[in-house]
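Student: Could you take me slowly through the enclosed empty spaces of this protein, and then say a little about what surrounds them elsewhere in the interior?

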Amino acid sequence: MSNELVKRRELSFQLFELLDTNALCERERFSEHNRETFDAVMDIAEKIATEKFATHNAKADANEPTFDGEKVTMIPEVQEAFDAYVESGLIAGRFDFDEGGMQLPETIMTACAGYFMAANPSSTGYPFLTVAAANVIRNFASEDLKNAFMPRMLTGEFTGTMALTEPHAGSSLADIHTSAKKHADGNYRIKGNKIYISGGDHELSDNIVHLVLAKIQGAPAGVKGISLFAVPKFRLDDAGNPAKRNDVSLAGLIHKMGYRGTTSTALSFGEKEDCHGYLIGEEHQGLRYMFLMMNEARLGVGFGAAMIGYSGYQYSLEYAKERTQGRVAPNNKPTDAPATIIQHGDVKRMLLAQKSYVEGGMALCFYAARLVDDAHTLVDESAKKQASELLDLLTPIVKAWPSEFGPKANDLAIQVLGGSGYTREYPVEQCWRDNRLNPIHEGTNGIQALDLLTRKLWQANGAGLALLQGRMQQDFEAVTGQVSKQLIAKLQPYLQKMQGLIPGLGASLQSEQQAVLLANATCFMNIFGQIVMSWMWIRQANIAEVSLATLADRKEENQQDVDFYNGKIQAAKYFVHWELPLVQRDITLLIDMDDSCSDMQADWF
């Protein structure tokens, strides 16, 4: 099988043909970069991911971290991979030059992340969580806290986590019990328990900085009373070095279906009443601060799901090209040579579905990454605001759509391999196990559906929705390819039906039908997601058609490009013809305000 984790041709298409990422170099923040530096940093990411991460993916899955009551032990290859990532400078890739960073666009850093997620999502978790935690500290902490923690997080000497979830509360952050009491030294003493904290304990770094949500005594009830604290595993001495162990203890490791190389921990804070925590920003603003990390994480979850799906797809594709079984008409006589299974129609169907899910998911996530770059670096304030509003609207889809369809792609990859796919001798079953986490963490997909329907759709008086409709219309008007025009015609009736639904949904949210609608929130998420994904595929198909036209007289010398573009067009056709029409069920359920779920009683199960 190929050692290429992510096809560079695919990344080149997504970044430079579909998004014109080169144009970012014209912006002041990225003016010292060019296509060569972008390619060079992706080369570094590909090399480290291939040589240091991919090589122990299966081994880390088979040999989970262990805890002997005092320290966590894991296979040495994880440390080697972490050190290589740190030494490359990628951990600070997004940060400013004067902070020791590379000042790279989010779009390029997302491409780099693709290599690591395809190679080994478990070991990738440690640096990725650290970057997200450092960014929260960068944006909201005092200068003293920044100076204490951020530089060493960007060099990998310290790592970071987000400690939100509590055993009794799950995703309901309003119900957390972890408390913070102000002490005479001006800092706080933290007391409580957190669970499912990824990277919560290990020996990879000199210190671990936990970002902990807690309620200061006397705080308002619910989410309005949540504050955010930096709680290090080791307190720092006067020179800023890790010294005395803080009152943070590992209660145990959690054993998971997948992502087994990333420690998942239950942590206890303040068992000895001496857990020092340092307030980030203002009191009672913790959830707002943490949402920066959570929203980053949601974009990362979606992209990770797409890339794990992509990894399984690539393996099943190569397997299907090599595995012979049966014969295909008209060459189906016993004396005919067996066919490779990729020639069978049903295998083509499963591979096309995978391709449409994973390459569509990649396109969506790269589009979101570009919106992050626009929101941060456009000169025009109105345009920056629009980028933020559109990103806010799309974030639930970016998280949930790939994490719904990435595991479906992995399921199909197993099916393509048949009995072999069900064994641990082949990597596709691990892809599915790893990917199955993504619909769950960083807000379950059901929570994303509620967020979309009750908040994001109406935010800023529907500004995000208006922007989305405008962007789609702008793209459709620019389409010149005949197939792409036909796909737009297929999409338009569903787009009109969704637009027709929205006013009624708004009214239902304010009426006695609210409970029925909320029970059916996933229906709207399905409709919205499939329409957005159809748009993503039409964007890809049109670029492919335009590019094919330029190669018309030079097909033989550019056969690989011709094949690539034809594959894009066919996957777009598959998605719009096969997947999009499935939302008619959801449209009908919403029109009828179906009460099958809302009216079901617990005692009837």
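Tutor: Let us begin with the walls of the largest cavity in this predicted model, where the lining residues divide into 3 nonpolar, 4 polar and 3 charged. The residues that line this cavity are E64, P65, L253, I254, H255, K256, R260, T262, T263 and S264, and the space inside comes to about 60 Å³. The structure holds 2 cavities of 30 Å³ or more, and the second largest has about 30 Å³ of space. Around that second cavity stand G200, D201, H210, K233, R245, V248, S249, L250 and L267, a lining that divides into 3 nonpolar, 3 polar and 3 charged residues. Strand β10, which covers residues 248-253, gives the most to this lining, with 3 residues.

Turning from the cavities to the nonpolar core, the largest one has 188 residues, and L211, F524 and F528 touch the most other members of it. Leaving aside residues up to four places away in sequence, L211 touches A133, V136, I137, T161, M162, A163, L228, F229, A230, I280, M290 and M293.

Finally, consider the cysteines. C112 is buried, because its relative accessibility is 2%, under the 20% limit, and C365 is buried too, with a relative accessible area of 4%. The sulfur of C112 lies 14 Å from the closest cysteine sulfur, in C25, which is too far for a bond, while the sulfur of C365 lies 15 Å from its closest cysteine sulfur, in C112, again too far. With a limit of 2.5 Å between sulfur atoms, the count comes to 0 disulfides.

Note on methods
Residues are numbered from 1 along each chain as its sequence is written. This is a predicted model: local features need pLDDT of at least 70, side-chain atom pairs count only at pLDDT 80 or more; totals for chains, interfaces and linings use all residues. Side-chain values use heavy atoms; hydrogens and water are left out. Buried means under 20% relative accessible area, exposed over 50%, partly exposed in between (1.4 Å probe, protein chains only). A nonpolar core is a set of buried Ala, Val, Leu, Ile, Met, Phe, Trp, Tyr and Cys residues joined through side-chain atoms within 4.5 Å. Contact means heavy atoms within 4.5 Å. On a 1 Å grid over the protein atoms alone, a cavity is a set of points where a 1.4 Å probe fits but cannot get out, and a pocket is an open set with protein on both sides within 12 Å along at least five of seven lines; lining residues have an atom within 4 Å of a point. Grid points are joined across faces, edges and corners, and a volume is the space filled by probe spheres set on the points. Ala, Val, Leu, Ile, Met, Phe, Trp, Tyr, Cys and Pro count as nonpolar, Asp, Glu, Lys and Arg as charged, and the others, Gly among them, as polar. Helices (H or I, at least four residues) and strands (E, at least two) are DSSP runs, numbered from the N terminus.
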